[in-house]
Amino acid sequence: MTTTGGRLTAVQGTAMYLGAVVGTGVIALPALAADAAGPASLLAWLGLVVLSAPLAATFAALGSRYPDAGGVSTYARLAFGERIAAVVGWCFYLAIPPGAAAAALFGGAYAASALGGGTATTVVTAAVLMAVVTTANALGLRVTGRLQVALSAMLVVLLLCSVALSLPHARTDNLEPFAPNGWSAIGPAALLLVWSFAGWEAITHLAGEFRRPERDLPRATAAAVVLVGVLYLSVAFAVVAVLGPAAARTSAPLGELMATGLGGDARTLATVPALLLTLGTMNAYYAGAAKLGAALGRDGAFPAWLARGSHAGEVPRRSLAVVSGGGFAALLVVALTGVGEEPLVLLTTGCFVAVYAIGIGAALRLLPRWSKAHLTALAGLTGVLALLAISGRYLLWPLLITAGALLYQRLRRRPSPAVPLEDQVPVLERST
């Protein structure tokens, strides 16, 4: 069995997967999905859990074979070249501003549920959250890995408590009519929920940190898929079966579940961890995106002006300013138009779907043909194609990003030395 010198075990990898996948979406998206499809939204949750298995396994196979910190961008470069790798970087980077604004609004909705004030409280709280995270990152402060894990653990406890306390109040009558908006509404609900399942690709950036990537990464992936699936399906069922039609009208479903189980004052119990979780998740968004933007500037995929802060220990304030400015702009649009956070979620998930499509395409080119991993990638391709089909107009955002990335690459095109595929990224030799 080949080792890489890393320290992560399969158990630690599973915990990191949970931290990457189980995020702010679950504190709000069960209600948005119920609004879109009613109880039939449970099928959307189930479908995405099923899709997660081959998708996560494919990224695990790529990560164990090509343990490089570049993740999907590296696989795109190996399979399709520098320009498509730049597209992946642009999609990740420009998905963060609308995604951060949506996450802040999710947290703000819990504050409004506990304190009152409606939309005004939601937007003001969201703006404060974004300002705090921007300031912390500009000063070089970071949420430590241990604290990030603690915040994720807090979310898991909140979810389990909400489900356990509310399930005695579940009613089968709340499951009827099962598809009040028609069966076709399951597709839009699934597209919303992609947000909650984004993160299966994130662990690939740490593939080289596992002790034995070929053994530990697949094990961590399998365990995480099962745990995430059980957690999400439990919460989604509780929201629909306990809250009934009211699920579509609440912006703080976990608070409502706890209020059902413990009484109205329990909404405050859900608000504090929801806000802390939002801060932690947004901090990770901003810190990662700011570094990504600086690295893209350094490597020529973005203007060189953004490159400052790309080295370890430096603060990428210019890139952070772009991310933060875009997030505040997205929040301002929501505040002025009253469209809510749903369009922000769909714009972000459109980028995620595009990145997944490129990642699956890279897997089909890089993984040994007709191997178990290759067949798994084919299964994942089916699901990604379905997501692309239902994304509709929200694919315009990643398509515009792609056009911008390719145009920028063409305008500043510069030759790069040809490097054999096997020399670009270390490939783990399989022991026989």
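Of the protein chain's 432 residues, 52% count as buried, that is, under 20% relative accessible area, with exposed meaning over 50% and partly exposed in between (1.4 Å probe, protein chains only). This is a predicted model, in which local features need pLDDT of at least 70 and side-chain atom pairs count only at pLDDT 80 or more, while totals for chains, interfaces and linings use all residues. Residues are numbered from 1 along each chain as its sequence is written, and side-chain values use heavy atoms, with hydrogens and water left out.

**Exercise 1. Describe the chain as a whole.**

Step 1. The protein chain has 16 helices and zero strands. Helices (H or I, at least four residues) and strands (E, at least two) are DSSP runs, numbered from the N terminus.

Step 2. Take contacts between residues at least 6 apart in sequence: 83% of them join residues at least 24 apart. Contact means heavy atoms within 4.5 Å.

**Exercise 2. State how C91 is placed and whether C351 is in a disulfide.**

Step 1. C91 is in helix α5 (residues 82-115). At 1% relative accessibility, C91 counts as buried.

Step 2. Leaving aside neighbours within four places in sequence, C91 is in contact with C351, V355, P398, I401 and T402. C91 and T402 are 311 residues apart in sequence, yet 7.4 Å apart in space, C-alpha to C-alpha.

Step 3. A disulfide is a covalent bond between the sulfur atoms of two cysteines. The rule used here asks for a pair of cysteine sulfur atoms within 2.5 Å, and the count comes to zero disulfides. C351 is in no disulfide, and its nearest cysteine sulfur, that of C91, is 5.0 Å away.

Step 4. C351 is buried, at 1% relative accessibility. C161, at 34% relative accessibility, is partly exposed.

**Exercise 3. Find the surroundings of T122.**

Step 1. T122 is found in helix α6 (residues 118-138).

Step 2. The relative accessible area of T122 is 12%, so T122 is buried.

Step 3. Not counting residues up to four places away in sequence, T122 touches L105, G108, A109 and A112.

**Exercise 4. Describe the largest cavity and its lining.**

Step 1. Rolling a probe the size of a water molecule over the atoms shows where empty space is left. On a 1 Å grid over the protein atoms alone, a cavity is a set of points where a 1.4 Å probe fits but cannot get out; a pocket is an open set with protein on both sides within 12 Å along at least five of seven lines; lining residues have an atom within 4 Å of a point. Grid points are joined across faces, edges and corners, and a volume is the space filled by probe spheres set on the points.

Step 2. The count comes to one cavity of 30 Å³ or more. The largest cavity has a volume of about 50 Å³.

Step 3. Its lining consists of L48, L51, S52, L55, V194, F197, W200, Y356 and L387. Helices α3 and α8 (186-197) each give two or more residues to this lining, and α3 gives the most, with four.

Step 4. The lining of the largest cavity divides into eight nonpolar, one polar and no charged residues. Ala, Val, Leu, Ile, Met, Phe, Trp, Tyr, Cys and Pro count as nonpolar, Asp, Glu, Lys and Arg as charged, and the others, Gly among them, as polar.
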